[in-house]
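Student: I would like to learn how to read a protein model step by step. Could you guide me through one?

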Amino acid sequence: MGKPKLRDTLRLPLALVALSLFFVPSTFAQDTTTAKPDPKKEEAAALVACAKAVLAGFRPIAPTRDVRFEGKVSEANAVCRGGEKTLQFRLTPWVDWQQYWGTGDMSSLPSGFLSTKGPEFRGVTGALTDLEFQRIELIKFNLFDNSGTYQDYIAGRNGVGGPALKVWPQMRLPASDPNYKAVGGDGAQVCTGDLVRGRTLTGICNDVVNPLMGSTGMPFARNVEFETAFPDRGANVLTQNRHGGRLGLLTPDPQVISRVLLTRAQSTPDTCNGGFGLPNNSVAANCDYQKAPFFNVLAAYWIQFMTHDWFSHMEDGHNATVYIDVGCKTKLVNNVEVPLTPEDVKELGCRPGDQVDKTLVDQDSAPNTFTVGGKVYMARAAETFSNNNTAWWDGSQMYGFDDESVKRVKRDPADPAKLLLQPLPGAAQSDPVTGGYLPVLQPGDPFEPQWAGQESVAFPDNWTIGLSFLHTLFAREHNSFVTEFRKQAALTPTADSGLRDPSDPTRVIRYDNVTPDELFAAARLVVSAEIAKIHTTEWTPQLLYDEPLYKGMNANWNGLLGSGDPDVSKALSDIITKNFGKSKDVAKSTQWYSVFSSGPGIFGLGSNAPHYDITKADSINGGVNHFGSPFNFPEEFVSVYRLHPLVPDLIEFRDLSKDPNQIVSKVAVINTFEGKATDAMHDGGMANWGLSLGRQRLGLLTLHNHPQFMQNITLPRLDSATKQIDLAALDIIRDREHGVPRFNEFRRQYGLRQLTSYDDFMDPAVRALPADAPARVQQQQAIDQLRQVYGTHVCDASKVITDAQVNEDKTPINDCLGHPNGSVVDNIEDVDTVVGYLAEFTRPHGFAISETQFVVFILNASRRLFSDRFFTSSFRPEFYTKMGVDWVTNNGPGPAMMEQGAPNGHVQPVLPLKRVLMRNIPELQPELSHVVNAFDPWARDRGQYYTLDWTPRPDAASDPAFKK
Ligand code: HEM
């Protein structure tokens, strides 16, 4: 490993650094609470710190899980990248990078320094370095497959280390599969011919040598050690010590948690009316909710649309036939569980009579164990659950994932390459694409009674107005692609379309030879890739609205080479050269793959390999990497997507034909659920719904922000006395059923710092405010409520509670979490993960989610790109057509369009969803001309560098949404 070059690392005048080496800064003093330091001194101190950090050398990747990075850098690095404030922050559980220079809005830049650029560069680069460290260690320590491959992952196979394995017998198609023979039957299984041309219905053959991977019905994986899942069962002594027998499916009581900690308070309950609003959708209705100024309601429904592509625990809208109670039974009084009195029930507003269908379980027999290096491992989790969707990002919510769902996917009889879209009943002649709406489910279609009256789509469950909008939009986009392709075919019928048939690879498929089925399959590939691109480069950078994440997400997609971004490039090349060097170690190279891939970007990896041959598995599959663990989403991923607080109670409906700045009605979300969504879509039309969802802010992911209508929702599918359910409580119950570890261990498992009491939830910036400051009062109240609901206990320091991490002095972490033995400590270990992540008041700038949720995405969002052949080595004209490759690359037909100006300092193309909206809902073009990111509330003025201000753009000043 070569010594890092100071000049490269810091880009600072060397003389300044040399000078500063002799300067002993006061800012290193322990008392960090004194007045703001003199900027000159702080600047010099930062430079000294940088030099110290360089001399100390580069942090190695953790050899074992207990000495992980934890998002905490050395004192010198902290000061170098963010100055004194970062030093103070190091004492909190939260990741350091959020304090670095340049990672927030303008106020995150240093003032009074000689150079702002240098600190900003070090801050943003430092943040990117930290994030890459996290990703590498997540790949190294957090992959736990539930389908039987885990033993090989730990022990290796035939002399090859587990993380370097690429093929697994468990990923073979079973003899019962209709394609068993086609992939090789008993022999080596390799998908060929028609099975590799596009995305298959059930998701088989995405990985051509592991046909079953990611297909419908495969088990959800885990990101946590199997032993630590299902904490209420106390699988080992650590788990028993951690929770002291305090946990159960209904303890602490989920409905009590919901009512005390999650309910949205209402200032005018009469006009909210439990989320039902007022008669005739009167604008006089009002339901308060805590709003995110930089993220719109379209973004909320977008993520629901995505989850319906990625995973489902349910089968055809149902769970098991067994029904279970859902709480509203007990509460803690002086740490003793006592039954709720009728008065308590009334006061809380919960329902003891509610019941729900138990989650569907796949395997619950005792798992095998195996021993490696003297350590005993479980071969899988105590219970497993099937992902009843394809795990691939393949548009399966639109195109289908099994024999039943595909029957709801209606193709246009006039052109079977297209999806069926129809004009609205009674509408005047309209454009076949931009005037098209999805057909409604018909008798004879396979559907559950609760879906009656809805649009006919592959995944119809929990149908909302947002899903109606997005399904229709992307059906239009599918047809737009086909229309454009047909136009080209008419112009150049004999030209090479780029498509190839692996069964007849030398045959050039000309435009006029492309069959409707081939074109349909290519359009599906294009639409799925566009959706993935929107999610990666448009949705996520707005969800995590700051500079490091903008750069990081663009590097994931376009790569450093594509983006040519020096900050990202610098951060990653440092990690590679200083940790990996020229090692040929195969396991190590797998581990480092994530960093290497940042050069070209994940998307398209391996698609330009020399001698590419579509008949060869090595070529078409050559760019994927599963890091030794077959791909599927983990249960923990589902948990962090339980985002029900995003949804407002009322949608502020606008009418384009009137004034877009005017709210013409307030429509209750509950009246746009299931079949009512379809009615609402037909009444309002795509353009008006787009405008309405685009302008309104979504709900913050925080405590006390679940819509009341969700806590009292009636689900017709339920075979229970009340037919009602508290969805906030159900989110907690489902996580408990699925064995998601509780919040503190969840964080330790993912390499984040633990909390030592409920008080740690308070934002340090808020703690510095006077005790009666509203923000402090609010956070203190939430902390008191956590204590009330989850309780406290007398701790026993002899009880070790985890092996995922150790204390800083290398001693084991015990029940007292650093408090004196025998003292009363908070039951912080018991806090449900969904509650804990909502209670995180401390967040990086512009983060609509918490850092705990984010760490789960760092791992899994990358993996679902790395593992998918169609996003890596099979992103080629042979599969997508030439037009398809260009369409995905340029965000639509023709050359890339560039956005005006340089938003947040970036010259960038017009982002993909903005283009999809303008193309398929042309009525929205004037409105969208002001918009940079389609998930930023459309009338918000984006102002200066990553501001979160809620101010209207000049022509929207009259919009009542901006009234103080
Ligand atoms: C009006 C809006 C919505 C309604 C009425 C709704 C309703 C539901 C219902 C009834 C369930 C099934 C619970 C069960 O039996 O396990 C569910 C599950 C879920 N919802 Fe929502 N939801 C809405 C919006 C959203 C949004 C915006 C998201 C954002 C990601 C979301 C994420 C989820 C997730 C992750 C699950 C669990 C799915 C699984 O376990 O496979 N929902 N929702």
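Tutor: We will go from the whole chain to a single residue and then to a metal site, keeping in mind that this model is predicted.

Student: How many helices and strands are there in the chain?

Tutor: The chain holds 33 helices and 16 strands. Its radius of gyration is 28 Å, close to the 30 Å that the globule rule gives for 964 residues, so the chain is as compact as a globular protein of that length. Along its principal axes, the C-alpha trace spans about 75 × 70 × 65 Å.

Student: What share of the residues of the chain counts as buried?

Tutor: A residue is called buried when its relative accessible area is under 20%, and 63% of the 964 residues fall in that group. The accessible surface of the chain comes to about 34,900 Å², and 56% of this belongs to carbon and sulfur atoms.

Student: Taking Q255 as an example, is it buried or exposed?

Tutor: Because its relative accessibility is 1%, and the limit is 20%, Q255 counts as buried. Q255 sits in helix α9, which covers residues 254-262. Leaving aside neighbours within four places in sequence, Q255 is in contact with several residues, including V326, C350, D354 and A729. A polar atom of the Q255 side chain also lies 3.4 Å from the backbone oxygen of G327.

Student: Which residue is the protein donor of the iron atom of the ligand?

Tutor: The only protein donor of that iron atom is H644, through its NE2 atom at 2.2 Å. H644 itself is found in the loop between α20 (635-640) and β10 (650-653).

Notes:
Residues numbered from 1 in each chain as written. Predicted model: local features only at pLDDT ≥ 70, side-chain atom pairs only at ≥ 80, totals over all residues. Heavy atoms only, no water. Donors = N, O, S within 2.8 Å, 3.2 Å for Na, K, Ca; no water. Helix = DSSP H or I, 4+ residues; strand = E, 2+ residues; numbered from the N terminus. Buried < 20%, exposed > 50% of the residue type's maximum accessible area, 1.4 Å probe, protein only. Polar contact = N/O pair within 3.5 Å; in protein donor to acceptor, adjacent residues only side chain to side chain. Contact = heavy atoms within 4.5 Å. Rg over C-alpha atoms; globule rule 2.2 N^0.38 Å. Areas by Shrake-Rupley, 256 points an atom, 1.4 Å probe, with all protein chains shown as cover.
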